[in-house]
Amino acid sequence: MSSIQVRPATLRDAKAIAQIHAVASQEVYKELVPSAQLKSLTLEERHAYWREAIEYCEPQVQVAVAGEKIVGFVGYDRSRDEQSRPTTGEIWAIYAAPSHWSQGVGLALWDAARDGLHEEGCTNVTAWVPLRNERALRFHELAGFKRDLASAKTALIGGVKIEEVRLKRPLNGQSSLAGAPRYPGK
């Protein structure tokens, strides 16, 4: 596998981001949400959402590129939680194309988001993850996030109620995914 580069997203990247979001969501949530509901958010709606996010930098969006192909993305910014401090950032979304899972894409995106949030003056970071999304929970926990069990709430994903939990960690200079190889499969 070629090395993974991460760069700020451009408007031209919105379609690729929307496609990765759709395919990865369908793969991740296929056991949690009926397929009809998963497909209810169209590719056009996702494309419009990510174009607007990129244009207005809310959230900030970066893409992972392998060769010339976008293989993942991360959206991050200040926390959307009403009670959070202004120095708390949030990973709004982090997705890799299923064909690139376990190949260092998530790690590269997390590193970029962590650096971006640190540059913005954030000292902590959170992420909301469905309790039944074991892959995402494992990834975040390997990156040093801890579950805030008191935060558990019900969210609507594809018209289905899903239990989510907030994960959080301090944003310090320590490397992510302690003990994990930098980019496995390189």
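In this predicted model, Val125 makes a good entry point: setting aside neighbours within four places in sequence, its contacts are Gly89, Glu90, Ile91, Trp110, Leu117, Phe145, Leu167, Lys168, Arg169 and Leu171. Several of these names come up again in the largest nonpolar core, which has 25 residues. Ile91, Val105, Trp110, Leu117, Val125 and Phe145 are the ones that touch the most other members of that core. At least two core residues come from each of β2 (60-66), β3 (69-78), β4 (88-96), α4 (105-119), β5 (124-130), α5 (134-142) and β7 (160-170). The top contributor is α4, which puts in six residues. Another core, apart from this one, holds 21 residues, including Tyr29, Val33, Ile54 and Ile162.

Now for β4 and its partners. Of the nine residues in β4, eight are buried, so the rest of the structure largely encloses this strand. β4 runs antiparallel to β3, and seven bridges join the two; here Ala93 of β4 sits opposite Gly75. With β5, the pairing of β4 is parallel and spans four bridges. Ile91, already met as one of the core residues touching the most other members, has Ala127 of β5 as its bridge partner.

The helix that gives the most to the core also has a place in this arrangement: β4, α4 and β5 together form a right-handed β-α-β unit. All three elements of that unit appear among those supplying at least two residues each to the largest core.

How values were computed: Residues are numbered from 1 along each chain as its sequence is written. This is a predicted model: local features need pLDDT of at least 70, side-chain atom pairs count only at pLDDT 80 or more; totals for chains, interfaces and linings use all residues. Side-chain values use heavy atoms; hydrogens and water are left out. A nonpolar core is a set of buried Ala, Val, Leu, Ile, Met, Phe, Trp, Tyr and Cys residues joined through side-chain atoms within 4.5 Å. Buried means under 20% relative accessible area, exposed over 50%, partly exposed in between (1.4 Å probe, protein chains only). Contact means heavy atoms within 4.5 Å. Two strands pair if DSSP finds at least two bridges between them. A crossover is right-handed if, with the strands pointing away from the viewer, the path from the first strand over the helix to the second runs clockwise.
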